[in-house]
Amino acid sequence: MDKIGACPFFATSCQAYILILISTTMNAYIEIPFLDYATSVPEALDAIGASSFLAQQRRVLVKPNLVNTSPHPVTTHPDHVEAVVRYIQTHAPHAEIIIAEGCGDAYNNTSQVFKALGYDRLAQSLGVQLVDLNEEELVTHSRPDCPIFPEMHLPKIAFTHCIVSLPVLKAHSLAEITGTLKNMLGFAPPKHYAGVHGTWKKAVFHGNMQQSIRDLNRYIMPHLTVIDASVGLSDYHLGGRRCDPAPRKILAGFDASAIDIRAAELLGLDARRIAHIQPFESDSANTHPR
């Protein structure tokens with residue numbers, strides 16, 4: 001059953017929104033009906049108070065899910081990214097904005113994926129830079145509490161920018177769901193994380209996908225998420241059947257785990273059985289937006 005609630009950021013008509021409340025104001029997330037990206041994305045961001053949060057940011061990294069050259073709904077629609085970037089430009093006019101991805105495809109590099117999906121033209125029209133996370137300068141961090149990755153090599157910009165994650169709603173053959181937490185795999189450099197369990201550029205994660213994603217998100221986690229649940233892929237992340245009926249929703253919020261749990265529910269999955277999306281302890285990366 002849909003839950004309707006009240007939120008300090010929720011100033012518009014209640015009947016237009018399905019609102020899910022989490023434990024604190026900054027952790028609240030919402031789901032709203034999808035009309036089109038230009039309409040629904042700003043509505044969702046307004047409803048969670050994203051304008052005031054983004055106005056405080058100096059550097060913003062917009063992270064779509066561009067796993068390969070397949071169009072939406074396998075990858076993030078350029079119109080989704082455009083709506084988010086224009087929202088940031090409106091509310092944080094002095095912020096540096098980049099669109100960044102490190103694709104995992106075995107046959108194409110990130111620049112080829114950007115071009116095939118029209119992101120080069122999009123970036124030019126928006127006046128923002130495209131960044132290949134697979135080629136970025138790396139820093140090394142350690143967390144002894146991470147059983148798979150007690151040490152990780154990650155792009156420096158993952159720690160200098162506010163991360164806005166823009167996944168699409170999809171099931172996944174190994175992770176059960178590919179949501180905002182799994183979207184962080186784009187930050188893993190192939191130099192360190194490719195080729196052990198397959199030919200994909202992030203194949204090291206495939207050996208223990210659930211715990212690997214969880215470890216990664218102890219280092220870096222989205223500060224803000226907008227999931228495109230307008231269509232949804234119910235079989236797996238590279239194709240297969242679309243959700244029937246289509247969810248036709250936009251999910252937005254600051255709590256990455258809570259949003260992924262809701263996304264799993266929209267796919268008809270038992271979220272309790274998906275280890276990597278369970279709530280994180282308070283000392284995990286980016287639990288509280290900065």
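## Surface charge, core and salt bridges

On the surface, Asp 36, Glu 43, Asp 46 and Asp 79 gather in a patch of negative charge, where a patch is made of residues with over 30% relative accessible area and no salt bridge, like charges being joined within 9 Å. Asp and Glu count as negative, and the place of the charge is taken as CG of Asp or CD of Glu. This is a predicted model, in which local features need pLDDT of at least 70 and side-chain atom pairs count only at pLDDT 80 or more, while totals for chains, interfaces and linings use all residues. Residues are numbered from 1 along each chain as its sequence is written, and side-chain values use heavy atoms, with hydrogens and water left out.

Within the patch, Glu 43 is found in helix H1 (residues 37-47); helices (H or I, at least four residues) and strands (E, at least two) are DSSP runs numbered from the N terminus. Glu 43 is partly exposed, at a relative accessible area of 31%, on a scale where buried means under 20%, exposed over 50% and partly exposed in between (1.4 Å probe, protein chains only).

The largest nonpolar core (buried Ala, Val, Leu, Ile, Met, Phe, Trp, Tyr and Cys residues joined through side-chain atoms within 4.5 Å) has 45 residues, of which Met 152, Phe 187, Phe 205 and Leu 216 touch the most other members. At least two residues of this core come from each of strand E4 (96-101), strand E7 (151-155), helix H7 (209-219), strand E11 (224-233) and helix H8 (256-266), and H8 gives the largest share, six residues.

Side chains of opposite charge can pair when their charged atoms come close. Nine salt bridges are found in a search of the whole structure, each being a side-chain nitrogen of Lys or Arg within 4 Å of a carboxyl oxygen of Asp or Glu. Three of them are set out here.

| Salt bridge | Closest N to O |
|---|---|
| Glu 101 and Lys 63 | 2.9 Å |
| Arg 262 and Glu 265 | 3.1 Å |
| Asp 270 and Arg 272 | 3.0 Å |

In the last pair, Asp 270 is partly exposed at 31%, whereas Arg 272 is exposed at 72%. Salt bridges that share partners join Glu 31, Lys 249, Arg 262 and Glu 265 into one network. Because Arg 262 and Glu 265 are three residues apart in helix H8, about one helical turn separates them; Arg 262 is buried at 14%, while Glu 265 is partly exposed at 40%.

The salt bridge between Glu 101 and Lys 63 links distant parts of the chain, with Glu 101 in strand E4 and Lys 63 in strand E3 (residues 59-64), 38 residues apart. Glu 101 counts as buried at 3% relative accessibility, and Lys 63 counts as buried at 1%.

Notes
Patches are made of residues with over 30% relative accessible area and no salt bridge: like charges are joined within 9 Å, nonpolar side chains (Val, Leu, Ile, Met, Phe, Trp, Tyr) within 5 Å. Accessible areas come from the Shrake-Rupley method with a 1.4 Å probe; for residues, only the protein chains shown count as cover.
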